[in-house]
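New to this one? Here's a quick briefing to read alongside the sequence and the 3D view.

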Amino acid sequence: MKGIIRSLFIFLAVLSLSSCNSISKIEEMIGTKNSEFEYLKNTDNINEIIVENARDEKFKFIITDKYTISDIYDMLSRGKVVLEKSEFKPDYIFTIEDVNGNNYKYYYVAGNFTSIYGNFYDDNNKIFYISDALDKNIINNFLILRKPPQEFNEIYYDCIIQAINKYYDENKDDINKPIAIDLYDDVEYRRFIFSYDVNNFVDKLQQMNLNFNVYDTEKPIQTLTMLSVNTIGFDETTYECKYTFTKDQAYESYTLRADYKDKKWDTNISKDDASQ
């Protein structure tokens with residue numbers, strides 16, 4: 001019995017003297033840590049981190065604060081190594097520059113996903129699943145200057161469907177004919193458009209048996225009918241948008257106004273007089 005106690009004491013002593021590197025190795029072995037981002041650990045070696053919105057090149061921010069860089073290292077180093085990246089298009093591009101001028105580029109798909117697929121990856125097929133804390137703790141802090149409307153990640157797409165239904169009410173012959181929905185040119189709002197939400201929108205269109213192609217990161221292909229979505233303006237409690245359907249040189253446009261009251265959105269959509 002004394003031998004067992006003595007061995008246990010030695011084992012605990014060894015653990016207490018183990019270096020942080022040893023602990024890191026154990027974390028790597030059990031899958032709670034990866035070694036890809038160790039160059040970030042010493043923040044003095046990092047010049048800056050540039051985070052750029054993949055849909056709005058004007059929206060980017062540069063991180064030089066050492067504490068924030070340390071937080072990013074902690075989140076990235078705990079990313080799970082996976083074999084396949086998400087099928088969704090990236091929402092952000094991370095460029096990490098060290099003091100020697102070396103650049104490390106990664107693509108990030110925002111949102112809360114299953115850990116089977118990677119949402120943070122590079123061009124060399126290094127793929128990781130990163131917690132959505134990266135969204136909540138880092139990226140969202142830079143959206144404070146201009147927040148999207150309250151609870152608007154879903155109703156933005158519901159408003160598009162309202163415009164489609166309005167158009168179909170007046171153009172019944174066009175029902176089931178292909179329409180290209182252009183989100184790419186929605187300059188005012190596209191920084192708040194994320195692949196996860198677009199995918200849910202496409203699923204909803206399919207469930208409604210509507211024949212649409214949605215373009216959010218590239219110019220749409222010309223079809224019989226084109227729907228252009230153009231946000232006019234917004235704040236946290238109001239939203240205004242113009243929807244223009246173009247077909248054979250002619251167009252019809254609708255303007256929607258939405259107001260957030262009593263924790264819900266009231267919307268009103270009307271046809272513009274200038275439609276022809």
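Is Cys 241 buried or exposed? Cys 241 is buried, with a relative accessible area of 0%. Keep in mind that you're looking at a predicted model. The notes below start with the cysteines and then move on to a sheet and a helix that lies across part of it.

**Cysteines**
- You'll find 0 disulfides in this structure.
- Cys 159 is in no disulfide, and the nearest cysteine sulfur, that of Cys 241, sits 7.7 Å away.
- Looking from the other end, Cys 241 is in no disulfide either, with the sulfur of Cys 159 as its nearest cysteine sulfur, 7.7 Å away.
- A disulfide needs the two sulfurs within 2.5 Å, so at 7.7 Å Cys 159 and Cys 241 don't count as one.
- Cys 159 is buried, and its relative accessible area is 0%.

**The sheet**
- Now for the strands: 6 of them make an open sheet with mixed pairing, and the order is E11-E10-E12-E13-E14-E15.
- At the edges are strand E11 (212–215) and strand E15 (264–271), each of which pairs on one side only.
- From one strand to the next, the twist averages 20°.
- In general, strands of a sheet pair through backbone hydrogen bonds, either parallel or antiparallel.

**A closer look at one pairing**
- Strand E10 (residues 179–182) and strand E12 (residues 225–234) run parallel, joined by 4 bridges.
- To find one bridge, start at Ala 180: its partner in E12 is Met 226.

**The helix alongside**
- Helix H6 (residues 195–207) lies across E10 and E11.
- Relative to E11, helix H6 runs at about 170°.

Definitions and conventions. Residues are numbered from 1 along each chain as its sequence is written. This is a predicted model: local features need pLDDT of at least 70, side-chain atom pairs count only at pLDDT 80 or more; totals for chains, interfaces and linings use all residues. Side-chain values use heavy atoms; hydrogens and water are left out. Buried means under 20% relative accessible area, exposed over 50%, partly exposed in between (1.4 Å probe, protein chains only). Two strands pair if DSSP finds at least two bridges between them. Helices (H or I, at least four residues) and strands (E, at least two) are DSSP runs, numbered from the N terminus. Axes are lines fitted to C-alpha atoms, for helices over the stretch in contact, and angles run from 0 to 180 degrees between N-to-C directions. Contact means heavy atoms within 4.5 Å.
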